[in-house]
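Trainee: Could we go through this structure together, asking at each step why a label applies?
Mentor: Gladly, let us look at it first.

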Amino acid sequence: MKEVKIFRHIRVPYRKSMIYTRLGYMKTSTLIEQEQVKQIDRWITETEMFCDIILIYRLIGIESVCADSVRLSGGVTFNSGALATFLQDSREAVLMASSAGIAIENEINRLQHSGEMAKALVYDAAASVITDAGLDWLMAYLRRPLIQRGKILTSSRFSPGYSDFELSNQSIFYDLLELSEWGIQITPKYILIPRKSVTAIAGIGAPYNEIQTENGGDLNDKE
Amino acid sequence: MTKNEFREWAFEQIRILDGATGTQLQKAGMPIGVCPEKWVLQNPETIIKIQKEYIESGSEIIYTCTLGGNGLKLKESGVEDAYRINKELAELSKKAAGSRAFVAGDIAPTGQLMEPFGTYTFEEIVDVYKEQVNGLLDGGVDLFVIETMMDIQEARAALLAVKETCDLPVMVTMTFERGGHTINGTDPLTALVTLQSLGADAVGCNCSTGPEQMLEIIKKLKPFAKVPLVAKPNAGMPKLVNGVTVFDMGDDEFAGFAQPFIEAGVNIIGGCCGTSPAYIEKVSKIAKGRKGKGIVNEGSTLILSSSRKTVTIERTSPICVIGERINPTGKKRLRDELRKGSMDLVTEYAMDQVDEGAQILDVNAGAPGIDEAAMLFEITKTLSTMIQTPLCLDSSSPKALEQALRIYPGRALINSISGEQIKLDKILPVAAKYGAAFILLPLDDNGVPETAEDRIEIIKKVYEKVKQYGYTKDDILVDGMLMTIASNQSSSLEALKVIKWCNEEFYANTVMGLSNISFGLPERTWINAAFLAMAASCGLSCAIMNPGVEALMHIKRASDALTSKDINSIAYIKTYSKNNNGKTAGEQHNPLYYAVVDGSREEVISRIKAALNEGTPPAELVDNYLIPAITYVGELYQKGKYFLPQLIQSAEAMKSAMSFLQPYLETESAAGKKGRIILATVKGDIHDIGKNIVGLMLKNYGFEVFDLGKDVPCDEIINKVREVDADIIALSALMTTTMEEMRIVAERVKSENLQVKIIVGGAAVDQNFAVEIGADAYAADAYAAVKEAERLTGCC
């Protein structure tokens, strides 16, 4: 069975309020008229149409967790004390990526070039939230069967660039998730293209009687 | 057990389900990671023992051990022959149950996504479930349970698979996340409405989180439930303790929720992950034999759903707008697009109408040269994934309606069913099969009756007929049968009589196709608007109309307020009150000033044109209105009264104003250049929207900006500084890997002794970093960049 799995064209639920917050909206102070809300909401809905979310993930066993590093099955090592703390109770990891595709990126660029900056700004914020919501969706999707197997997926996730988990680790995600196969590129400075793309790692805690495989367990069994 | 027997049985008293099977199997020695269905068949005594324990504990229904028993799931574990496995597992459970408990054939997610999100078609998934259903059926199950569903469409596929295979009762339970939605965004009420209308005999939730959150869901569902409600929660959430998975809720605490669940309206209760016979025994002691609540609300509430949203129509609620624009009749552009197979215009019309206030979208695909059934299917498929608004399928073709209803992931409205025999024979059964609501049209094979009395007779006759299919008044919208007054002026009054009768005597919701009234007349909007107000006074529930016609929407809102349907006129006031954007009370400004403050580009240009025509000097417009306005916008932003989109919209309005005025400005106004700024996203970084916003703001505040773009090498920046004798370099970087480029630029400026200031900004940058690399300022946002630029150039 192929280790890297994907979901395409996913329409992920997202919280509109997060987009407003990202744009600086403050419930207690920002004054906004109905017409403006309607317009911004419309732009957000349009963004959703331009986002063609692809979700890519793989499960991988964790060989060891030291004070400042995490070694995965196959020998890949992430040097990060913060990540090591985050994964200290995990025996497997989920590496994952979410990308909103090139259409939304092109549209944001087009809007900027045509001078529609407010719209571009809202599209940009909405696309970021929707892309991130893709990882929320994926984690929720994985969590349920894990619970039914007595396993526990961490409630949060860790992305390259957080704390001491350097952005350069993005290239490891890029390789392990075979992102190039899905038209995603990485620049020499470890920026993913399309820019509305994000990678992350989450941990899976498992009881000691788990039958462990080198590439992590399979999620197919339930209850 | 028949469906009716099940319903009576479930409403008679609280019924007890089993608890977790998987964790019990693991305790009995099943290794984690194996295929449970296969392992149980190799160790049949284990499941028989567990299920007998559950029955001893009080379970009246036990689930077959077939949670992962559909063909797709089994295949992932390398197991073929789903039919045989399900049959044998059902037989084991029947053996365990004997005559002491019912056995429910357990069906759960395939783990695959359907089109357009996955590779499987809806029909393929239905077929996968049918194979499992047949196995369970032949194994002797008494009923079915579809559980742990995360995707409403997959739940529908499973439910249809059971319905199309047998007449046994089916319970459907969904799994909701912490926020109260499935992972695909379906809320509990939407799931209930969709599933109970499609024929589920009990609906509820299982797994999810603990009983606490599930209790809240049951409370919310009860007023809308027409079927028994099911709760099968986990024993809290799992955690790892010393390498062992434990659930955080003990049996006593778990059983403590039994009473609140009964009070909330649950009819069938059990346990999911982490529970055991001990949990069920304690729940059973509290709940078994107790009288549960029946249906608590039998009022005339019509509820429609999409996959993520419900719309409730009540005679006491504001008029519900059904958007009429997705109809190729008389719309050449839409017709041409549909013929080409393009859904762009359909999507645009849908979004526009939703923005304009439509709560339901009427979809009609009938036109010459278009295969109506195929087109209605495509439009339904497209809109149901893109738009959350429920659909009204407008067709007289049973085939078109059946194809669309089958894949529609919610409860649709059908437009329409009349007293015509062909409609009753062909469309009514289709509507009933999929649980669609429908518009009841008061006409029959003799045509449209002239008088309200005759129309009412048809309504009564049709209603008697549809009742045989299980329909109630909650499931229909009665059409007043509006005809144009151009041919029969009294038709409007007859239609109003029908509406009034429905509202006051028949107690059903009503609808009108508003534009019919004015067909053939000039200035139709006035006739439509006047009639809408008249119909509202008679109690109209819904109007099929174009929400893009503002006059109609104004009349609708006003009518809702005047008929007290808009309680305390809240919606009316919210729509029509201005919040003044924080403008100082009593302060009077030119409309041009407000146009900038409000960020209205069109308004700005029209105001400038008017002012120029009146002879106002262009420079005066800039100095007296535009600059004070954009300055005030900056203050609003600083105070948090404006957020970024508002700031940028005002900046865009300002930019439009300045571009328009440029040819008129003979001499420099106060908006003359404050300084020259080189703007760039540093080498290696390709993010530029923040930088572009800074550029827009700086230009608006009178700076001359040289935007070098993104991924700009240090040399290019330094060369440009020399070329234009820049005052400031403004650098942007979003990533930690690229922010170091700022240091390189700062060092070059220093080493070459250039008299230029540096401002840095971007997500990865902060004040400390700015100080560390020797930059002159850090700007947290675009407005701060303007303020820093003014400070550094001495222009503030």
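Mentor: What follows is a talk about labels and the values behind them.

Trainee: What makes the confidence uneven in chain A?
Mentor: This is a predicted model, so each residue carries a pLDDT, the predictor's confidence on a scale from 0 to 100. The mean pLDDT of chain A is 89, and 91% of its residues reach 70 or more. Over residues 210–223 of chain A, however, pLDDT stays under 50, although the model has 48 contacts beyond four places in sequence for them.

Trainee: Why are H15(B) and H16(B) called oblique to each other?
Mentor: Start with the angle. Helix H15 (residues 344–356) and helix H16 (residues 372–386) of chain B have axes that come within 10 Å and cross at roughly 45 degrees. Angles under 35 degrees would count as roughly parallel, and 65 to 115 as roughly perpendicular. The value falls in neither range, and therefore H15(B) and H16(B) are oblique to each other. The crossing of H15(B) past H16(B) is right-handed.

Trainee: Which residues bring H15(B) and H16(B) together?
Mentor: B:Val346, B:Thr347 and B:Ala350 of H15(B) meet B:Ile379, B:Thr382, B:Leu383 and B:Met386 of H16(B). By class, the residues of this contact are five nonpolar, two polar and no charged.

Trainee: What makes H4(B) oblique to H6(B)?
Mentor: The reasoning again begins with the axes: those of helix H4 (residues 44–57) and helix H6 (residues 82–97) of chain B come within 9 Å and cross at roughly 45 degrees. That angle makes H4(B) oblique to H6(B). Their crossing is right-handed. On the H4(B) side the contact is made by B:Pro44, B:Ile47, B:Ile48, B:Gln51, B:Lys52 and B:Ile55, and on the H6(B) side by B:Leu92, B:Ser93, B:Lys95, B:Ala96 and B:Ala97. The contact of H4(B) with H6(B) has seven nonpolar, two polar and two charged residues.

Trainee: How do you know which strands are the edges of the open sheet in chain B?
Mentor: Look at the order, which is E22-E21-E23-E24-E25 with parallel pairing, five strands in an open sheet. Strand E22 (704–707) and strand E25 (777–778) of chain B each pair on one side only, and these are the edge strands.

Trainee: How do you know that E21(B) and E22(B) pair?
Mentor: Pairing needs at least two bridges. Four bridges join strand E21 (residues 676–681) of chain B to E22(B), and the two run parallel. The cut-off is therefore met. B:Arg676 stands opposite B:Glu704 in E22(B).

Trainee: Which helix lies across this part of the sheet?
Mentor: Helix H29 (residues 714–724) of chain B lies across E21, E22 and strand E23 (728–732) of chain B, and runs at about 165 degrees to E21(B).

Trainee: What is the strand order of the closed barrel in chain B?
Mentor: Its eight strands run E13-E14-E15-E16-E17-E18-E19-E20, with parallel pairing. From one strand to the next the twist averages 30 degrees. Strand E18 (residues 476–479) and strand E19 (residues 509–513) of chain B run parallel and are joined by three bridges. Here B:Leu477 stands opposite B:Asn509 in E19(B).

Trainee: How many residues of chain A are in contact with chain B?
Mentor: There are 59 residues of chain A in contact with 68 residues of chain B. On the chain A side, H5(A) gives the largest share, twelve residues. By class, that side has 28 nonpolar, 17 polar and 14 charged residues.

Notes:
Residues numbered from 1 in each chain as written. Chains lettered and ligands numbered in written order. Predicted model: local features only at pLDDT ≥ 70, side-chain atom pairs only at ≥ 80, totals over all residues. Axes fitted to C-alpha atoms, helices over the stretch in contact; angles between N-to-C directions. Parallel < 35°, antiparallel > 145°, perpendicular 65-115°, else oblique. Left-handed = near helix turned anticlockwise from the far one by under 90°. Contact = placed C-beta atoms within 7 Å. Nonpolar A, V, L, I, M, F, W, Y, C, P; charged D, E, K, R; others polar.
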